[in-house]
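Me: I have a structure that is new to me, and I would like to learn how to read its features one after another. Could you take me through them with care?

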Amino acid sequence: MREPLAALAPAAAAVEVLSAHKTYPGGTVALQPVDLTVQEGEFVTLLGPSGCGKSTLLKMMAGLLEPSDGRLLLWRKPVDRLHEADKRMAFVYQAPTLMPWADVATNVRLPLDLAGVPRAEAEARVLDALALVGLKKFARALPRALSGGMQMRVSIARSLVVQPHLLLMDEPFGALDEITRHKLDADLLALWREKKLTVIFVTHSIHEAVFLSTRVIMMAARPGRIVEEVVIDEPYPRTPDFMVTPRFSGYARHLQDSLLRASRENEEDME
Ligand SMILES: Nc1ncnc2c1ncn2[C@@H]1O[C@H](COP(=O)(O)OP(=O)(O)OP(=O)(O)O)[C@@H](O)[C@H]1O
């Protein structure tokens, strides 16, 4: 018999990466052994130069990619042994990857259709998810009628419809203009707080990382590894005013220096 989720977690660790490493076929060492624990309710961001293994680490946490060795636990259970229904986890990619021929509601309903959720229940959950991202009025629209930011909201609604506890997001707003990105960042923070989610977020933007995160994990490449962890000790709710404070600048400057160091090591290794 399957245990309910609450019974899985006497402690508060949502994700545990235990000496997990990854060498791709062909020999690229994408990640050296990594240890990382993410507690329930954290908003953790992975930051680092291109190729440092951010996506590889995120996909391993999602169970989408097997580590070459080491272990990945979600709520204290090996990720590959969690039943789909108990995973309560959703992965959001940079591209919204919507079905162009299907309307917004049908796109958002897809994970529920795949899971065999009865139609009436699924439709109610779709409307709830669309309301959370401010798109209830667009349920019958086709993706091509929506802006890039709205399409990304649809993608987020599709991830929320499974009522996840854990959201894994791989540069979700990387392709959007800055104003739209700020708006979606603020909305994501509001969702994270309202739904008490655990979020693990990949970005190339230092400002986005500081604005959103409880903790930033800095990585370096060749081989991919964690080089620093920075706690962003700033209360929530965070408003855009935070971005013009000396505290924000201090965190941003620290991470900028750390990123430059990580990138320089990378370039030296390539020479
Ligand atoms: N399927 C694959 N096969 C072989 N090598 C891969 C594969 N996927 C990624 N790599 C390599 O593994 C390393 C880490 O890649 P990964 O995509 O995890 O880094 P990243 O930090 O997410 O990069 P970016 O910021 O550019 O998206 C890189 O050297 C990459 O070329």
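Reply: What follows goes through the sheets, the helices, the surroundings of the ligand and some backbone details, and please keep in mind throughout that this is a predicted model.

Me: Let us begin with the sheet of 6 strands; what is the order of its strands?

Reply: A sheet can be read from one edge to the other. Here the order is E6-E7-E8-E3-E9-E10, in an open sheet with mixed pairing. Strand E6, residues 89-92, and strand E10, residues 225-231, stand at the edges with a single partner strand each, so one side of each has no neighbour in the sheet. If direction is ignored, neighbouring strands of this sheet are turned by 15° against each other on average.

Me: In which sense do E6 and E7 pair, and over how many bridges?

Reply: The pairing of E6 with strand E7, which covers residues 166-170, is parallel and extends over 4 bridges. To find a place to look at in the model, take Met89, which stands opposite Leu166 in E7.

Me: Which order do the strands of the other open sheet, the one with 4 strands, follow?

Reply: That sheet has the order E2-E1-E4-E5, and its pairing is antiparallel. Its edges are formed by E2 and strand E5 (77-78), each of which has a single partner strand, so one side of each is left without a neighbour in the sheet.

Me: How are E1 and E2 joined to each other?

Reply: The general idea for any regular strand is that the side chains alternate between the two faces of the sheet. In this case strand E1 (residues 13-23) and strand E2 (residues 29-39) run antiparallel and are joined by 7 bridges. Lys22 stands opposite Leu31 in E2, while Ala20 has Val34 in E2 as its bridge partner. The two strands form a hairpin with 5 residues between them, and Gly26 in the turn has a positive phi of about 105°.

Me: Which strands does helix H2 lie across in the sheet that contains E8?

Reply: In that sheet H2 lies across strand E3 (43-47), E7, strand E8 (198-202) and strand E9 (215-220), and it runs at about 150° to E8. H2 also lies across E1, E2 and strand E4 (69-74), where its angle to E1 is about 125°.

Me: How should I read the packing of one helix on another, for example H4 on H5?

Reply: Two packed helices are described by the angle between their axes and by the distance between those axes. For helix H4 (residues 104-114) and helix H5 (residues 119-132), the axes come within 9 Å and cross at roughly 125°. H4 and H5 are therefore oblique to each other, and H4 passes H5 in a right-handed crossing. On the H4 side the contact involves Ala105, Val108, Arg109, Leu112 and Asp113, which meet Ala122, Arg125, Val126, Ala129 and Leu130 in H5. By class, this contact has 7 nonpolar, no polar and 3 charged residues.

Me: At what angle does H4 pack against H6?

Reply: H4 and helix H6 (residues 148-160) pack at an angle of about 35°, and their axes are 7 Å apart. This crossing, too, is right-handed. H4 contributes Val104, Asn107, Val108, Leu110 and Pro111 to the contact, and H6 contributes Val154, Ala157 and Arg158. The residues of this contact divide into 6 nonpolar, 1 polar and 1 charged.

Me: Turning to the ligand, which residues come nearest to it?

Reply: There are 13 residues around the ligand, and Tyr24, Ala30, Ser50, Ser55 and Thr56 come nearest. Helix H2, residues 54-61, supplies the largest share of this shell, with 3 residues. By class, the shell has 3 nonpolar, 9 polar and 1 charged residues.

Me: Finally, which peptide bond near Pro223 or Pro237 is cis?

Reply: Most residues other than glycine have a negative phi, and most peptide bonds are trans. In this model the bond from Arg222 to Pro223 is cis, with omega near -5°, and Pro223 lies in the loop between E9 and E10. The bond from Tyr236 to Pro237 is cis as well, with omega near 0°, and Pro237 is found in the loop between E10 and helix H9 (246-270). As for phi, Ser19 has a positive value of about 50° although it is not a glycine, and Ser19 lies in strand E1.

Terms used. Residues numbered from 1 in each chain as written. Predicted model: local features only at pLDDT ≥ 70, side-chain atom pairs only at ≥ 80, totals over all residues. Near = placed C-beta within 6 Å. Nonpolar A, V, L, I, M, F, W, Y, C, P; charged D, E, K, R; others polar. Pairing = 2+ DSSP bridges. Axes fitted to C-alpha atoms, helices over the stretch in contact; angles between N-to-C directions. Contact = placed C-beta atoms within 7 Å. Parallel < 35°, antiparallel > 145°, perpendicular 65-115°, else oblique. Left-handed = near helix turned anticlockwise from the far one by under 90°.
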